[in-house]
Amino acid sequence: MLTAAATLLAAPFDQVVAELAAIKHPVLYANGLDDVMIPAHNSYVAVQHLDNATLVLYAGAGHAFLFQYAKAFTRQVADFLAA
C-alpha cells in the first residue's frame, strides 16, 4: 500500500489535473474535515477540476467519516445515486 501511495503522490500535478478533467460523469467526493490521510483541502482542490462534482465535508471527522456519520453519509450517497 505504501508503494502504491508513493507512486500516486509522485504523479505531476498537471497530470493529475488532466486526469480529473477527463472525468465527465457525476462524482460524489466526501471527506472528513480532520482527515490527516487525505486532507480536506486536497478534496476541495480535486473537485475544482471535475466538471460535475459534489463535495461533502463532515465536521469533526477524520478518515473514518463514513462510520462517524453513517446515516448522513448513506443518505448523501442515496440522494446522489437517485439524481
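D35 sits in the loop between β1 and α3. This is a predicted model, and that loop is a good place to enter it. D35 is buried, yet it has no salt bridge. The nearest side chain of opposite charge belongs to R75, 20 Å away. A salt bridge would need a side-chain nitrogen of Lys or Arg within 4 Å of a carboxyl oxygen.

What does the side chain of D35 reach? Its partner is the backbone nitrogen of I38, at 3.0 Å. D35 also touches A61, G62 and H63, leaving aside residues up to four places away in sequence.

Now move one residue along. V36 lies in the loop between β1, residues 27-32, and α3, residues 40-47. Is V36 buried or exposed? V36 is exposed, because its relative accessible area is 77% and the cut-off for exposed is over 50%. D35, by contrast, is buried.

V36 also belongs to a nonpolar patch on the surface. The other members are M1, M37 and I38. Together the four have about 520 Å² of accessible area. I38 thus appears twice: in this patch, and as the residue whose backbone nitrogen the D35 side chain reaches.

Step back to the whole chain. It holds five helices and two strands. From the N terminus, the order is α-α-β-α-β-α-α. The C-alpha trace spans about 35 × 30 × 20 Å along its principal axes. Of the 83 residues, 20% are buried. The accessible surface is about 5900 Å², and carbon and sulfur atoms supply 65% of that. Among contacts with a separation of 6 or more, 62% join residues 24 or more positions apart.

Notes
Residues numbered from 1 in each chain as written. Predicted model: local features only at pLDDT ≥ 70, side-chain atom pairs only at ≥ 80, totals over all residues. Heavy atoms only, no water. Patch = residues over 30% accessible without salt bridge, like charges linked within 9 Å, V, L, I, M, F, W, Y side chains within 5 Å. Areas by Shrake-Rupley, 256 points an atom, 1.4 Å probe, with all protein chains shown as cover. Helix = DSSP H or I, 4+ residues; strand = E, 2+ residues; numbered from the N terminus. Buried < 20%, exposed > 50% of the residue type's maximum accessible area, 1.4 Å probe, protein only. Contact = heavy atoms within 4.5 Å. Lys, Arg positive; Asp, Glu negative; His and termini not counted. Polar contact = N/O pair within 3.5 Å; in protein donor to acceptor, adjacent residues only side chain to side chain.
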